[in-house]
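Here is a short briefing to read with the structure open beside you. Take a look at the fold, then follow the notes below.

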Amino acid sequence: MSTPGSDLPAHLHALAGMEVVDLRAEWCRLYRCHPPRGVRRDLLELGVAWKLQEAILGGLKPAARRRIAELSATIASHGNLATARTVMPKSGARLVREWRGETHDVIVLDHGFQWRGRTWRSLSKIAREITGTRWSGPRFFGLETSARDRSSPSLVKEATNA
């Protein structure tokens, strides 16, 4: 099978009629390695279809690749995704937390956080400064949630240019 051009739908449709031997050969051509042993026909088709679409339509954006890497690391360290989720807001986002009647605003920077006119490397150090005790900064500011409190509203507000 040649690399598809504007005829991608026809090439994808043709995969259903290919012999397994031909699908395996196409996999080798596209991935530059042999498919895993014992992989089923339907997975061969999906893998080849993915690579064909990627060649024509483009692959994942860098942000999606980073997110997948983060999720993979979370699974590797915690065993599943339900045990820990940390959302890192974009630079310019504003984190707001009220503690003992005082509202604390933190601005997310490219390499750190700004609070009370100072730049901090760690949200946890800011949380400790606010509370006087050791806290997980992401948890204190509502970025990391446990399975039971995922239904709580987020405390992250995007910065506005007003």
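**Charged pairs, cysteines and a helix**

At 21% relative accessibility, E54 counts as partly exposed. Please keep in mind that this is a predicted model. The notes start with the salt bridge that E54 forms with K51, then move to other charged pairs, to the cysteines and to the end of a helix.

**Salt bridge in helix α3**

- The closest N and O atoms of K51 and E54 are 3.2 Å apart, which falls within the 4 Å allowed for a salt bridge.
- Both residues sit in helix α3, which covers residues 41–57, and because they are 3 residues apart there, about one helical turn separates K51 from E54.
- An α-helix has 3.6 residues a turn, so residues three or four places apart point the same way.
- K51 is partly exposed, with a relative accessibility of 22%.

**Helix α4 and its salt bridge**

- Helix α4 runs over residues 62–78, a stretch of 17 residues.
- From first C-alpha to last, α4 reaches 24 Å, close to the 24 Å expected at 1.5 Å a residue.
- Within α4, R67 and E70 are 3 residues apart, so about one helical turn lies between them.
- Their side chains meet in a salt bridge, with an N to O distance of 3.3 Å.
- R67 is partly exposed at a relative accessible area of 37%, and E70 is partly exposed too, at 42%.
- Just after α4 comes G79, which takes a positive phi of about 90 degrees.

**Other salt bridges and the total**

- R40 and D42 also form a salt bridge, and their closest N and O atoms are 3.0 Å apart.
- D42 has a relative accessible area of 37% and is partly exposed.
- The structure has 7 salt bridges by this count, among them the pairs K51 with E54, R67 with E70 and R40 with D42.
- Side chains of opposite charge can pair when their charged atoms come close.

**Cysteines**

- How many disulfides does the structure hold? The number is 0.
- Why is C28 not bonded to C33? The closest cysteine sulfur to that of C28 is in C33, and at 7.1 Å it is too far for a bond, because a disulfide needs the two sulfur atoms within 2.5 Å.
- Seen from the other side, the sulfur of C33 has its closest cysteine sulfur in C28, again at 7.1 Å.
- C28 is partly exposed, with a relative accessible area of 23%, and C33 is partly exposed at 39%.

Methods
Residues are numbered from 1 along each chain as its sequence is written. This is a predicted model: local features need pLDDT of at least 70, side-chain atom pairs count only at pLDDT 80 or more; totals for chains, interfaces and linings use all residues. Side-chain values use heavy atoms; hydrogens and water are left out. Helices (H or I, at least four residues) and strands (E, at least two) are DSSP runs, numbered from the N terminus. The expected span of a helix is 1.5 Å times one less than its number of residues. Buried means under 20% relative accessible area, exposed over 50%, partly exposed in between (1.4 Å probe, protein chains only).
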